[in-house]
Amino acid sequence: MAIQRIILEMGTGNDLYGEDYTKAAVRAVQDALHHSSITLFRSMGIDRESMMVEVTIGVQYPDKVDKDEVAKQIPFGSVKVNSVKGGLNITHEPEVVSVIATAAVAARLDIPEGRYIQG
């Protein structure tokens, strides 16, 4: 068996006025998910709960992201969330900071050798 990445989607999200890093991260994950339609599970008879999903969130203050809240956005599989320095903070006025988060959602499957054609 070999664990192979089958999906990689990216997204962006923001919180314009609340300086809420979790809200921006959740929106980035939702954006990434809205870009994908994963038909291979139904087409090939694979249990979608067998996916291993790794979410990487980039924000200026990674420790301000509630990883459990971000993980709730992933509907299937086992989920791991990493928060790293990235994204952007944009200051509009001295007290108003807009948070822009980026997300990468990678899904992996343990694929039995010889079960599917590799090319």
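## A walk through the fold

From the N terminus on, the elements of the protein chain run β-α-α-β-α-β-β-β. That comes to three helices and five strands, where helices (H or I, at least four residues) and strands (E, at least two) are DSSP runs, numbered from the N terminus. You're looking at a predicted model, so to speak of a local feature here takes pLDDT of at least 70, side-chain atom pairs count only at pLDDT 80 or more, and totals for chains, interfaces and linings use all residues. Residues are numbered from 1 along each chain as its sequence is written, and side-chain values use heavy atoms, with hydrogens and water left out.

**Stop 1: the whole chain.** Show the C-alpha trace first. Along its principal axes it spans about 60 × 25 × 20 Å. Now colour by burial: buried residues make up 34% of the 119 residues in the protein chain. Buried means under 20% relative accessible area, exposed over 50%, and partly exposed in between (1.4 Å probe, protein chains only). If you switch on contacts (heavy atoms within 4.5 Å), look at those between residues at least 6 apart in sequence: 77% of them join residues at least 24 apart.

**Stop 2: the core.** Select V29, V55, I57 and V70. These are the residues with the most contacts inside the largest nonpolar core, which has 26 residues. Helix α1 (21–34), strand β2 (52–59) and strand β5 each supply at least two residues of this core. A nonpolar core here is a set of buried Ala, Val, Leu, Ile, Met, Phe, Trp, Tyr and Cys residues joined through side-chain atoms within 4.5 Å. In soluble globular proteins, nonpolar side chains tend to be buried together.

Stay on I57 and bring up its surroundings. Which residues does I57 touch, not counting those up to four places away in sequence? The list includes A25, V29, V65, V70, V81 and V84, along with N82, S83, T102 and A103.

**Stop 3: a buried charge.** Next, pick E9 in strand β1 (residues 2–15). E9 is buried yet has no salt bridge, and the nearest side chain of opposite charge, R5, is 10 Å away. For that tally, Lys and Arg count as positive and Asp and Glu as negative, while His and the chain ends are not counted. So what is E9 in contact with, leaving aside its neighbours within four places in sequence? You should find A32, H35, S36, A103, A104 and V105.

**Stop 4: the salt bridges.** A salt bridge is a side-chain nitrogen of Lys or Arg within 4 Å of a carboxyl oxygen of Asp or Glu. By this rule the count comes to three.

- Select K23 and D15: their side chains meet at 3.9 Å, N to O. K23 is partly exposed at 34% relative accessibility, whereas D15 is buried at 5%.
- Select R108 and E54: their closest N and O atoms are 3.6 Å apart. R108 lies in strand β5 and E54 in strand β2, so the pair ties together parts that are 54 residues apart in sequence. R108 counts as partly exposed at 27% relative accessibility, and E54 is partly exposed with a relative accessible area of 27%.
- Select K72 and E69: this bridge is 3.4 Å, N to O. K72 is exposed at 60%, while E69 is partly exposed at 31%.

**Stop 5: the aromatic pair.** Now show Y21 and Y61. A search of the whole structure finds one aromatic pair, and this is the one: edge-to-face, 5.8 Å centre to centre, with 90 degrees between the planes. Rings of Phe, Tyr and Trp (its six-membered ring) pair if their centres lie within 6.5 Å; planes under 30 degrees apart count as stacked, over 60 as edge-to-face and the rest as tilted. Y21 is in helix α1 and Y61 in the loop between β2 and α3 (67–71), 40 residues apart. Y21 is buried, with a relative accessible area of 2%, but Y61 is partly exposed at 42%.

Keep Y61 on screen and add two lysines. The charged end of K64 sits over the ring of Y61, 5.0 Å from its centre, and the charged end of K85 sits over the ring of Y61 too, 6.0 Å from its centre. The rule for this is NZ of Lys or CZ of Arg within 6 Å of the ring centre and within 35 degrees of the ring normal.

**Stop 6: a loop to finish.** Jump to E95, in the loop between β4 (88–93) and β5 (96–111). Is E95 buried or exposed? E95 counts as exposed, at 66% relative accessibility. Add Y17 as well: the C-alpha atoms of E95 and Y17 are separated by 9.5 Å, with their positions 78 residues apart along the chain.
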